[in-house]
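The following note is offered to a colleague who is examining this model. The points are numbered so that each can be checked against the coordinates in turn.

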Amino acid sequence: MRRNLPATFRITGTRSTAETIRSCLENKYFPELAEIEIEGEKVPSPHPLPWYPHRLAWHISLSRMVIRHSPAVSKFHSFLVKENQQGNICRQEAVSMIPPLLMDIKSHHKVLDMCAAPGSKTTQLIELLHAEESQTNLIPAGVVVANDADNKRCYMLVHQAKRLNSPCLMVTNHDAAAFPTMYYNNEKGIRQPLLFDRVLCDVPCSGDGTLRKNPVIWREWTPSLAPSLHKLQLRILQRGLELLAPGGRIVYSTCSMNPVEDEAVIATALQLCKGAVELVDCEKELVGLKRLPGLTSWKVMVKTGEWLEKPSDIPRHMSATLTANMFPPDPSIGEGLHLERCVRVLPHHQDTGGFFISVLHKKDWLPWQNKMRRRLEKVVAAEGGGREEEEVVEQGKTDSENGAKQTGGVEDGDGLVEGGRPALMEGDEELEEGKVGEGKKRKRDADDQHLTWEIYVVCLCRWGYQKRRAYKEDPYVFVEKDSKLWQSVKEYYGLPDDFAGDQLLTRTVAERKKNVFLASWLIKELTVHNEQTVRVINIGVKVLARCENLKTACGFRLCQEGIQTMAPFITRHSIQITLDDILCLLREPNPLTSALSQQVQTAIGTMEAGPVIFRYIPDSTEKLKSDQEGTMISCPIYLSGWIAARSVRLLVGREDHFHYLAMLGCDPPENQSLAPVSGKAQDGDQGVEDWEHDEEGVTGDTDILQEQGKEEPVEMLNECSTEQLNGGI
């Protein structure tokens, strides 16, 4: 506990891209570190986390002194910092990587991250959703909805997640405990509520498991923190269970070791669900991770430092802050809950932080979800054809019209708000009789009444939140397939007829569009049909940007951020290049066409001046002709470029330049500035302590992320005029 927490990082991206970066680390940087000695002691070598798949997560222990006194270590540290800016490496605490791995995400899953900011776990979810993309080259059918209650942290989340360039991501801004039910039209045009296959509840907590990373907690922690958060955590978990489809999996996690925030929340939720939800045994998953089982008995500490063993010990003056469900359940009930299936990770086991994880499986509908179940039964009947289809379609007419007419409340789909008041749930006889006030005077041992009161509090919270005035972002305007913009882009790049051109969108209603984004089909549906009830902060990935050149057949060039998504569909103005061509394009700002290979010169000779895409397909027999040994590239490379009369130019940012040069085993040219945008510190002056990612976003890293989030990547196109691009050298 007295030692600094070691730094850990995770290699991101699709499988082939991640393996290329790992190969670069293992073949170039790690061997250099193994030979370094400072003051007679060897520098500790990085080693992979034993439980993380495919050796894509690494653990390093480098002090500030080691970085400053060794050029090789400083070079390695600079590589990590720049790759992190590019999004190819994510700085993340080791224990924070565990929850997404236990969710068993597939490419077709609908995933919800309820408390997503600052976004490190969200990036993992996106990676898992796109894990099969390298084999299919198709946009996944699933989605990741990343939500956070804090508007400013939502933009930090966008900054983190957009580096993975996924068209399947939606960022929303809502209270997790009051997250609204979302609707969409299925393939038959029938409106239905969205239920998620996987839900992550990484809830706000007291953070006592992060003492090694956040020393301020030593001074600020008090015993009253856990009881004050318990009810909020329970509401978030309950809402996550409501949004989860039967058969789905939800992961609840905290960075706290206090059972009031951990096992007590799980035990209460399981009792509320009355057998519809069960804990999953994860003992055989993540082999190599040292863990302890969940607690089945515990005591509760009050702010005076006194320990309480059972609910009857609660002093009268603390009855408002301490409740019966913060204590262990009765042994006769607790045995059937299997709380020992929860996972506890302690700092001294594998030199990490403290963490709590539990995996829950939803076997059936929750006791109060009869309305949701009946609605989906109607959808199933309508899909099979029948009299109910007209009724369901009529019910699903434009959500924007429905949202404009709602005055007393929002229909939530699962019986939460109805007629401008909280709808009564099954079994709430006391509430129906108007005996709500008696809930405050309930006896502590009256468990059924207590659980009913908790449900009622959740209803009131959600009802009150949804009545607030909606927050307006810039509009999301989807492109029509018969528009001039789509027709010109389709013809110029040779996009197939079945390409989803109507999934392209802009953020302005003006006729002249500056940037064009691409969203998946389901993201479009969720955006169009929930614009009145859901605060959408960001969707899609930027794929096209306007180029101010009237002499080209198409007024839009490809953006490097979305080129990975668009490349499989582009058949025209596509040029195949070699490794030496890539090296030439990266090292020279405006190389002559004659400096490239003969096949590239031939391809350029058949095209007019304008934007193109350069492609490199891996070839195991190809090697660089230069003296550089390079790293074997095992993944395709797509680069946005521009061809002119006698020269060519890459339209990629400085971070991309550094990344691809590093993958080829080359250092960036000395006259090319690749310094971080924030300009905080020079490489080598920044210690591992400063480099660690703050999972809770409570340190100075927040300002850096916000500052970077305000600046667009500096691309080479913006640094030169149209005449320079077309006129050549």
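1. Surroundings of helix α21. The cover over the buried residues of α21 includes helices α22 (598–605) and α23 (654–663), together with strands β29 (610–616), β30 (637–643) and β31 (648–650). It should be kept in mind throughout that the model is a predicted one. Helix α21 spans residues 579–587, and 8 of its 9 residues are buried. These are Leu579, Asp580, Asp581, Ile582, Leu583, Cys584, Leu585 and Leu586. The list thus includes two aspartates, Asp580 and Asp581, alongside residues such as Leu583 and Ile582.

2. Packing of α21 on α23. One of the elements covering α21 is α23, and the axes of these two helices lie 10 Å apart at an angle of about 140°. Their crossing is left-handed. From α21 the contact draws on Leu583, Leu586 and Arg587, and from α23 on His657, Tyr660 and Leu661. Sorted by class, the contact residues comprise 4 nonpolar, 1 polar and 1 charged. Leu583 and Leu586 of α21 are also listed among the buried residues of that helix.

3. Packing of α5 on α7. Helix α5 (residues 120–129) meets helix α7 (residues 151–161) at an angle of about 40°, with 9 Å between the axes. The pair is therefore classed as oblique. The crossing of α5 and α7 is right-handed. Ser120, Thr122, Thr123 and Ile126 represent α5 in the contact, while Leu157, Gln160 and Ala161 represent α7. This contact has 3 nonpolar and 4 polar residues, and no charged ones.

4. A cis peptide bond ahead of α5. The bond from Ala117 to Pro118 is cis, and its omega is near 5°. Pro118 belongs to the loop that runs between β7 (110–113) and α5. This bond merits inspection alongside the preceding point, as the loop leads to the helix described there.

5. Helix α10 and the residue after it. Of the 11 residues of α10 (residues 263–273), 10 are buried. They are Glu263, Ala264, Val265, Ile266, Ala267, Thr268, Ala269, Leu270, Leu272 and Cys273. Which residue takes a positive phi just after α10? It is Lys274, with a phi of about 50°.

6. Positive phi in two loops. His54 is not a glycine, yet its phi is positive, at about 60°. The residue lies in the loop between β4 (47–48) and β5 (57–60). Its relative accessibility is 42%, so His54 counts as partly exposed. Asp351, likewise not a glycine, has a positive phi of about 55°. Asp351 sits in the loop between α12 (347–350) and β19 (355–362). With a relative accessible area of 23%, Asp351 is partly exposed, given that buried means under 20%.

7. The protein as a whole. The secondary structure consists of 26 helices and 31 strands. The protein has 729 residues, and 57% of them count as buried. Among contacts with a separation of 6 or more, 76% join residues 24 or more positions apart. The accessible surface amounts to about 32000 Å², and carbon and sulfur atoms account for 49% of it.

Key:
Residues are numbered from 1 along each chain as its sequence is written. This is a predicted model: local features need pLDDT of at least 70, side-chain atom pairs count only at pLDDT 80 or more; totals for chains, interfaces and linings use all residues. Side-chain values use heavy atoms; hydrogens and water are left out. Buried means under 20% relative accessible area, exposed over 50%, partly exposed in between (1.4 Å probe, protein chains only). Helices (H or I, at least four residues) and strands (E, at least two) are DSSP runs, numbered from the N terminus. Axes are lines fitted to C-alpha atoms, for helices over the stretch in contact, and angles run from 0 to 180 degrees between N-to-C directions. Angles under 35 degrees count as roughly parallel, over 145 as roughly antiparallel, 65 to 115 as roughly perpendicular and the rest as oblique. A crossing is left-handed if the near helix is turned anticlockwise from the far one by less than a right angle, and right-handed if clockwise. Contact means heavy atoms within 4.5 Å. Ala, Val, Leu, Ile, Met, Phe, Trp, Tyr, Cys and Pro count as nonpolar, Asp, Glu, Lys and Arg as charged, and the others, Gly among them, as polar. Accessible areas come from the Shrake-Rupley method with a 1.4 Å probe; for residues, only the protein chains shown count as cover.
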